[in-house]
Number of protein chains: 2
Amino acid sequence: MPNNQFKRGELYSFITGKASIAIARCLQKKFNAAGLNLTIEQWSVLYQLWKEDGKSQQELCLATFRDKPSITRLVDNLEKLKLVRRVPSKDDRRINLIYLTPEALKLQDQTMTLAEETLNEALHGVPANQIETCKAVLQIVYDNLK
Amino acid sequence: MPNNQFKRGELYSFITGKASIAIARCLQKKFNAAGLNLTIEQWSVLYQLWKEDGKSQQELCLATFRDKPSITRLVDNLEKLKLVRRVPSKDDRRINLIYLTPEALKLQDQTMTLAEETLNEALHGVPANQIETCKAVLQIVYDNLK
DNA sequence: GGCATATAGTTAGATAAACAACTATTCAAA
DNA sequence: TTTGAATAGTTGTTTATCTAACTATATGCC
């Protein structure tokens, strides 16, 4: 029985991703406590734009592992919050380029600090080499299925 | 800088849990391909009831790491699908006990096989000891934050 | 040029999650 | 025994995801 590394009864945590749900909830609580009116999903889009501003919605789909309707609505809501603007591309009129507003630029330092804080709390007591192993395994899982 | 094991730029995958999202999407596709009209979230509730039938909604909250309104609505939808029944407890009239229907019992083997298949595909090429390390790290993360 | 196809994005409908506010029941202490 | 707190569950609202169907623009082949 090759590769049958999991038995019934061990499946649940892996599939539901309790660890990442816990991380996301913790970070959301920190955002709320800091008075930031921002969801983790919205933050994840801003995160990609802080890395490189002016991405298209399609690029945001790939970067955030979401489909097109999800990005459309996240950008809708980020526009309502005046954190991004849609700018039609001059080269290709099908494309919207998404640009950060000055307000969104101001959020970067504070939210990234909270995110680092969350991860450090989450990984407290875990040796660095085990973290590396874990990241490598999760990357393989992602590559195997995507 | 104690415990500062993550640098900016490495945060995203961990927080968003791309690996577990990929696993869940893959399993959902298998359910759909098999003609099963069942979401992964509904399946995760059935999974707990296959382990022990007749749990209360509160017990399902703890077991599935969800809040009470989420379980209320998942049980609503599972009842619509005629996969579970709410039975008021005789001991404590506040409590609903959730029981599987014969149809739900029939789904166990097929869906568990698909779940095992998904995990084996996901973990293809990962040594068993690294899987153990990964599971241990994710458990610590969960315990640190919960 | 014209037409098929692919690509970028939007809309609609269903399910799910987070939060707050609510009802009903139980339990314990004054 | 009554009152107040705790517990179990529901409802309403907002945001997010998935699927499918849709519009508009671009591309490539004839």
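This passage walks through a predicted model of two protein chains and two DNA strands, starting with the fold and ending at the DNA.

Chain A is a good place to begin. Its secondary structure comes to seven helices and three strands, and along the sequence these follow the pattern α-α-α-β-α-α-β-β-α-α. The C-alpha trace of chain A spans about 55 × 35 × 25 Å along its principal axes. Of its 146 residues, 45% count as buried. Contacts across the sequence matter for the picture too: among those in chain A between residues at least 6 apart, 52% join residues at least 24 apart.

Next comes the interior. In soluble globular proteins, nonpolar side chains tend to be buried together. Here, the largest nonpolar core has 90 residues. Those with the most contacts inside this core are A:Ile15, A:Trp43 and A:Leu46, along with B:Ile15, B:Trp43 and B:Leu46. What does A:Ile15 touch, leaving aside residues up to four places away in sequence? The list is B:Ser20, B:Ile23, B:Ala24, B:Leu27, B:Ile40, B:Trp43, B:Ala115 and B:Leu119. One of these, B:Trp43, is also among the core residues with the most contacts.

Helix H4 of chain B, residues 57–64, shows how a single helix sits in this setting. Its buried residues are B:Gln57, B:Leu60, B:Cys61 and B:Thr64. Seen down the axis of H4(B), these buried residues fall within an arc of 105 degrees, so they line one face of the helix. An α-helix has 3.6 residues a turn, so residues three or four places apart point the same way. As for what lies against that face, the buried residues of H4(B) pack against helix H1 (11–16) of chain A. From chain B itself, they pack against helix H3 (40–51), strand E1 (55–56), helix H5 (68–80), strand E2 (84–88) and strand E3 (96–100).

A few backbone angles also deserve a look. Most residues other than glycine have a negative phi, and most peptide bonds are trans. Just after H4(B), however, B:Phe65 takes a positive phi of about 65 degrees. In chain A, A:Phe65 likewise has a positive phi of about 65 degrees although it is not a glycine. A:Phe65 is found in the loop between H4 and H5 of chain A. Is A:Phe65 buried or exposed? A:Phe65 has a relative accessible area of 15%, under the 20% cut-off, so it counts as buried. B:Lys82 is another residue other than glycine with a positive phi, near 60 degrees. B:Lys82 belongs to the loop between H5 and E2 of chain B and is exposed, with a relative accessible area of 56%.

That leaves the DNA. Around DNA strand C there are 26 residues, of which A:Gln57, A:Gln58, A:Lys68, B:Thr39 and B:Asn77 come nearest. Of the strand C atoms within 4 Å of the protein, 64% belong to sugar or phosphate and the rest to bases. Polar side-chain atoms of chain A reach phosphate oxygens of this strand, with A:Gln57 at 2.6 Å and A:Thr72 at 2.7 Å. A base oxygen of strand C is 2.9 Å from an N or O atom in the side chain of A:Arg94. The elements that give two or more residues to this surface are H2 (18–33), H4 (57–64) and H5 (68–80) of chain A together with H3 and H5 of chain B. The largest share, five residues, comes from H5(B). By class, the surface near strand C has four nonpolar, ten polar and twelve charged residues.

DNA strand D is surrounded by 25 residues, the closest being A:Thr39, A:Arg66, A:Asn77, B:Gln58 and B:Lys68. Sugar and phosphate account for 60% of the strand D atoms that come within 4 Å of the protein. On the phosphate side, a polar side-chain atom of B:Arg25 lies 2.7 Å from a phosphate oxygen of strand D, and an N or O atom in the side chain of A:Gln42 is 3.3 Å from a phosphate oxygen. A:Arg94 turns up here too, with a side-chain N or O atom 3.4 Å from a base oxygen of strand D. H3 (40–51) and H5 of chain A, together with H4 and H5 of chain B, each supply at least two residues of the surface. H5(A) gives the most, with five residues. By class, the surface near strand D has four nonpolar, nine polar and twelve charged residues.

Conventions:
Residues numbered from 1 in each chain as written. Chains lettered and ligands numbered in written order. Predicted model: local features only at pLDDT ≥ 70, side-chain atom pairs only at ≥ 80, totals over all residues. Heavy atoms only, no water. Buried < 20%, exposed > 50% of the residue type's maximum accessible area, 1.4 Å probe, protein only. Helix = DSSP H or I, 4+ residues; strand = E, 2+ residues; numbered from the N terminus. Arc of directions from axis to C-beta. Contact = heavy atoms within 4.5 Å. Near = heavy atom within 4 Å. Polar contact = N/O pair within 3.5 Å; in protein donor to acceptor, adjacent residues only side chain to side chain. Nonpolar A, V, L, I, M, F, W, Y, C, P; charged D, E, K, R; others polar. Core = buried A, V, L, I, M, F, W, Y, C linked by side-chain atoms within 4.5 Å.
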